[in-house]
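Which parts of a protein meet DNA, and by which atoms? Look at the model below, then read on.

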2 protein chains.
Amino acid sequence: MTEALTSTRDRLVLNAARLFQQRGYHGVGLAEILAESGAPKGSLYHHFPNGKADLALAAADWAGGEMQRIMADAFEHAASFDDGATTLCFKLAKLFDLSGHRDGCPVSSTLFEGAANDAFRDRAAEIFAGWIGTVTTHGVRFGLSPDAAEMMAERLFMGLEGAWVLARAQKTAEPLRRLPRLLGHMPGA
Amino acid sequence: MTEALTSTRDRLVLNAARLFQQRGYHGVGLAEILAESGAPKGSLYHHFPNGKADLALAAADWAGGEMQRIMADAFEHAASFDDGATTLCFKLAKLFDLSGHRDGCPVSSTLFEGAANDAFRDRAAEIFAGWIGTVTTHGVRFGLSPDAAEMMAERLFMGLEGAWVLARAQKTAEPLRRLPRLLGHMPGA
DNA sequence: TCCCCTCTAGACCATTTGGTCTAGTCCTGT
DNA sequence: ACAGGACTAGACCAAATGGTCTAGAGGGGA
């Protein structure tokens, strides 16, 4: 599919991230990732000596970074914390619509299946901490105390992950759109 | 493992529910479920003609019912909606501790991996609706308007699912214990 | 006793899984 | 020109996957 505009490594990471997000770590075989990336096995094991596990970590890192950028962007241009949170929810709802109402949280989809795989969960915790940290920073910027900002950030994170779960089950982004109101971030309407 | 105190069918459902909850639908092979249940393949395909998919639906149904009972129980003996919500979060935190900080939401772990499997997601939506409906009913019982009760129930659901995700990543039940305060269900402390 | 139906038992199968390995291409520095 | 590393290419492999099929155990009713 995706052709040589990007490096082989990047294509592998990108496609892996997308597929894992849709169907989970064990739900996608290397064969499919390789085919979509137009890469042979040799390339995979050259760039990722530990194979699928390495690739999943890289994919989660990449997707986690993208998400963090989306979060930062939503709050960057906001007039208040409530405004930023609302914008973020609506942005993610839009993305969920564009994905055909299929994709889950890229990190939990990718990293929550490896049996007793501590490395995966540790990495997930790191990525989540990055997200929550970003939102916390903006909370402080908007005048919240560090503690209050962290609480608000964590609450928003939990709400988003939960709304995402419900959205996948119901095949509609409405739960994500309802979230700002449920959390009191949308006084009006 | 689990021996003949229960019927073969029940043992299959129970073990499947447990294993899927830990490692997801694709993360567990039939061989393991069969071994843990002490049952041969023939029995599986006798009780579940469509094999793994049927078993997963039955497992999700069973686990969903258990969860609904836990929810009903938490609110049944509560003095207020806030009290019920707090009790529920603490109960689930306790269960998460007992699981060795491994298990995710039984329904999303089991039913969110089947490629474009609409049947799985529809079933998940039904089970989630049951949970939210149960909490909504209790909200009304505590004097909330039907609309307000449903909002509170949905908000609690999202919070729980999200807290569960964070709890898995951090390998601690603390996010679940923090949730009542984050949602304003715990005025004191 | 004999039949029938439910359920157990597990051998067997094609396919797919993640992973290894050898060969070869291509580009870069000297 | 040529040496050497980075990368591509895909044949190959053992193990595991979900699923099918035949055989038979066990028990209740006629």
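A residue counts as near a strand if one of its heavy atoms lies within 4 Å of that strand. The model is predicted.

**DNA strand D**

Of the atoms of DNA strand D within 4 Å of the protein, 52% belong to sugar or phosphate. The rest belong to bases. 15 residues surround this strand. The closest are A:T8, B:L30, B:K41, B:Y45 and B:K52. By class, the surface near DNA strand D has five nonpolar, seven polar and three charged residues.

**DNA strand C**

DNA strand C is also surrounded by 15 residues. A:L30, A:K41, A:Y45, A:K52 and B:T8 are the closest. Here 49% of the strand's atoms within 4 Å of the protein are sugar or phosphate atoms, and the rest are base atoms. The surface divides into five nonpolar, seven polar and three charged residues.

**Polar contacts**

| Residue and atom | DNA atom | Distance |
|---|---|---|
| A:V28, backbone N or O | phosphate oxygen, strand C | 3.4 Å |
| A:Y45, side-chain N or O | phosphate oxygen, strand C | 2.7 Å |
| B:H46, side-chain N or O | phosphate oxygen, strand C | 2.9 Å |
| A:H46, polar side-chain atom | phosphate oxygen, strand D | 3.0 Å |
| B:K41, polar side-chain atom | base oxygen, strand D | 2.3 Å |
| B:K52, side-chain N or O | phosphate oxygen, strand D | 2.5 Å |

Near DNA strand D, the elements giving two or more residues are α3 of chain A, with α2 (30-37) and α3 of chain B. Which element gives the most to this surface? α3(A) does, with five residues. Near DNA strand C, the largest share comes from α3(B), again five residues.

Definitions and conventions: Residues numbered from 1 in each chain as written. Chains lettered and ligands numbered in written order. Predicted model: local features only at pLDDT ≥ 70, side-chain atom pairs only at ≥ 80, totals over all residues. Heavy atoms only, no water. Polar contact = N/O pair within 3.5 Å; in protein donor to acceptor, adjacent residues only side chain to side chain. Helix = DSSP H or I, 4+ residues; strand = E, 2+ residues; numbered from the N terminus. Nonpolar A, V, L, I, M, F, W, Y, C, P; charged D, E, K, R; others polar.
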